[in-house]
Structure formats: C-alpha cells, structure tokens
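Me: Could you take a close look at one part of this protein for me, the open three-stranded sheet, and then show me how its surroundings are put together? I work at the bench, so please explain the terms as you go.

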Amino acid sequence: MKRNQCKINGRIRHLILHRVQGQIRLRLHLAQALLLLCLFIVGLAPALSNAQAAKESSAQVTAIRAGHMVDVEAGEALADQIILIENGLITAVGTDLQIPAGATVIDLSDSYVLPGLIDAHTHLAMTEMPGADIDDHGTYYYTTLLEPTAFRAIQGVAQARTLLESGFTWVRDVGNNALYADVALRRGIEGGWIPGPNMIASGIIIAPFGGQFQMQPEKPGLGNPEYIYADTEDEIRLAVRKNIHYGATVIKLVTDNQPYIYSIEDIAAAVDEAGDVGIRVAAHASSDEGIRRATLGGVASIEHGTRPTDETLRLMKEHGTVLVGTDFPATRNGEARHAALVDRIRRAYDIGTPMAFGSDVEYYREGWTRGELTLEFLDSYTDAGLPNAYILKMFTMFAADLLGVNSGRLKAGVAADIVAVDENPLDDINAIRAVHFVMKDGVVYKRDGRFEWSTPRVMNNPRRKPQRR
Ligand SMILES: [Zn+2]
C-alpha cells in the first residue's frame, strides 16, 4: 500500500513538472485526475483502517458467564450475570445481555466472580529470608545491607507473579526496594515483559535522618539507599521531586520512627509538592502523635497506624484519611501484638475510620507463596469480627479508591480486573484464598487454577516519569 502510494506520488510529481513546463492540457487533466484519485485514496485510508479496527475490536469482545457475581458495593451476590469486556474495560453487566457473535465466552457459571484484589501496602523487591541465628529485625538490616538492587528486582519479578496468581490485580508498593527496583518492576509489568499486578510505586522512602535505621556515628549512610534523609521542608520537597523524577507514583514518608518526628508543616510540604502533580502521600505512622500530625498534614493514608486513640481515629474519619493497618496475623506478630491490632481494627471499624487492605508482607516462609502470605492477613479481620462484605470492600473498592485507580468494582467503564472463586466470599471471606481465575485489564492470567503466561510478542518501554498533562 505504502509503496503504491509512493509510486502514485512520484507520477504526480512527474506530471506536475510537465505542467510547469507548459505541456499539453491532456496531461494536465490526467495529473488532476490522478491527484484527485490520490487524495481520495489518502482520504479513504483512515476510514478503512477505522472500519477495520472496529471490526477487529468487535471480534475482541469477551463475555464472562458468571453464575454468581459479587457486587462488592451493594454487598450481595447476583445470580446468572453476563459481563462484557472490550479493550480491557467492562462495557456492560447484566442478566439479559446479548453476547455479540464472535465474542470469546468464558464460562464461570459454577463460580463466584468478583473484582481483582488489591494490596495497598507491599514491598515486592524486599524478601527477608530467615537466618539461623538472626531474628526478624536482624534480617531486615541484613537484607538491605547485603542484597543489591539487581537481585532485589529479580526477587520482585518472582513475587509479583505470585501476587497475580493469588488474584491481586493492583498493588501499591511503598518502598524498601533499594535503588528504584519497584519502578523498574512497574515498567516491566506495564510494558508486558513479565506478569504481575499493576503497580503504584513509591521509589525511595523519605524520612528524617536515619530513616528506620539505628546507626552508629562512623557509618551514618547505612540507611542508604533505602531512605532519603530529609530534615527540612526544602529537603523534603527536593526528595519528593527526586522520587517523582525517577518514576514514583506515590510518595512514602516515614513520619515517626525516630525520636525526632516530622511536624505538620513538614508533612504538608510533602503533600503539597506531590499533590502538584497529582501524586498522593502515604505516611508510615505508628504513634498517636505521628498519626495525628500526618492526618492534619493532609496525607492520603496512614500506614500501620498501630496506636491511635479513639480521638485520633475520629480525626482520621473527619479528614477522610485511610487507615492501611498492615494487620499482621498472629503467626507473624505473636499473640499479644495481634490482640492489640485486633482491638485497633475493631475500634476503627466502630468509629467509621476509612480502611483499605495493605499487608506489609516482606518476609518469606517455606511452603507459602507471597500471595498466600498476603491472604493470611484475612485472619486479623475475621478475628476482629468485621463483616465479610466490609472485608471484601477493603480488599477491592476501598483500596482502588485510595490508589486512585479505575478498578475494584464490576461495572461498566471499570477496568476488567476480575477473579473467580468456588464459594461465596460474603458467606466466608476465606473463599478468596483460593482464586482459580484471574483476569487483569481484560487479559486472562489464570484459568481452572492454572497460571497462564505465554512468551510475549508485544513489549514496550513505558515512560519512567509520570507526565504532567
Ligand atoms: Zn511496609
């Protein structure tokens, strides 16, 4: 086609030359006719390709027959629903929908179909391996000191796949990934190089001097590259800009892990700088005062939020600040700490503090995948006696809203991030531990309990930096 057009163009040039040279009118007419023909063909080309695209996309419609579809917003399971999907988006949901001819039909008529799961607090490129003589706190230090970014990124590739396999279609990664292994991972997944959930990534954690480390004066830099130390408003703004420059799509602040903690003004400066390009701030805050300051500083979420008073939980509710509780199960946390967390979950729920699921899994346990370890956190919410419908919202729509992504619900216009399980999660939330079908952005990654990943034939290199629009 292109070559033919060139030929025509060449002939027109040739004929126009003749006209300039005052050749006979017949040739002029021929040139005009050819020019018109050429313009007609050029004008037709986009119309043809649009028609072809429309034809192709109608062939790309996928229809899911859902025996039961969980409407997480309403907290109910609807029988015999059809979900139509096109170009990665849900286009229609209902009982009496016409399935277009040529659509790919996925039969989940024996299953409960629900939105893809979301973990709003993870660390894909950090894996603390238990050592013989090192307790857990020790392994955290050793991991950051001994494992280089390249190997951490490779670990991230493996962990990302297990999360997708367990039904997580979005995660928010909040740091401790050495030198931007999280951003590299996000680009790799977005570009189609490797399978994994879609990612919001923080880049390097910003913190007062020392980060979350306790250093000795001879080696003040041991917290690098896990933390950017920033101790004034100017340093905080610079650190936010550096992270965004290197590809962060959320900003993570550690507000209160040292005796010196950020002021409300410090935190507000980060929120202002990140907010200028539409990026939200997640604040690690465990103490009541740290949580209070971060809330008043305007952060989107409190990570951990371990020891808030009821008054501070009410302040969070008032400001719409989301609690991402990272509520470790008793197997990880021990009974005493677990009981305190369960009490805090219960208080936050009774007060009405907004909550979204975030795990904080960065550890390894033999026999378990990262995805399974993440779902073990369900124990904490069932121990707190939260309604199944509410827990499901924490794992889907509440987390999607916190991340600011178009996911977490099954309705027209939302991304086709869809999973399926055998039992009704509204009756027993533990049903979501056994996801047997996973679709992300309209593409199937797991079917009949088996992971699907074929050698990619389309890869690209998405931009590292989010762009101002
Ligand atoms: Zn964490």
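Reply: Happy to; here is the sheet, followed by its surroundings.

A word on the source comes before the details. This is a predicted model, in which local features need pLDDT of at least 70 and side-chain atom pairs count only at pLDDT 80 or more, while totals for chains, interfaces and linings use all residues. Residues are numbered from 1 along each chain as its sequence is written.

The open sheet has three strands in the order 5-6-7, with parallel pairing. Strands (E, at least two residues) and helices (H or I, at least four) are DSSP runs numbered from the N terminus, and two strands pair if DSSP finds at least two bridges between them. Strand 5 (117-122) and strand 7 (198-201) are the edges; each has a single partner strand, so one side of each has no neighbour in the sheet. From one strand to the next, the twist averages 15°. Between strand 5 and strand 6 (residues 168-173) there are four bridges in the parallel sense, and Asp119 has Val171 in strand 6 as its bridge partner. Helix 5 (residues 181-190) packs on this sheet, where it touches strand 6 and strand 7, and its direction makes about 155° with that of strand 7. Such axes are lines fitted to C-alpha atoms, for helices over the stretch in contact, with angles from 0 to 180 degrees between N-to-C directions.

Now for the nonpolar core, meaning buried Ala, Val, Leu, Ile, Met, Phe, Trp, Tyr and Cys residues joined through C-beta atoms within 7 Å. A residue is buried if 20 or more other C-beta atoms lie within 10 Å of its own, exposed if 12 or fewer, and partly exposed in between, with C-beta atoms placed from the backbone. The largest core has 117 residues, and Ile118, Ile206, Ala270 and Ala399 touch the most other members. Leaving aside neighbours within four places in sequence, Ala399 is in contact (C-beta atoms, placed from the backbone, within 7 Å) with Ile118, Ala120, Ala356, Phe357, Met394 and Gly408.

Ala270 takes us to helix 7, where the buried residues include Ala270, Asp266 and Glu273. The buried residues of helix 7 pack against strand 8 (205-207), helix 6 (233-245), strand 10 (251-254), strand 11 (281-285) and helix 8 (288-297).

Zooming out, the protein chain has 15 helices and 17 strands, and 45% of its 469 residues count as buried.

Technical notes
Two residues are in contact if their C-beta atoms, placed from the backbone, lie within 7 Å.
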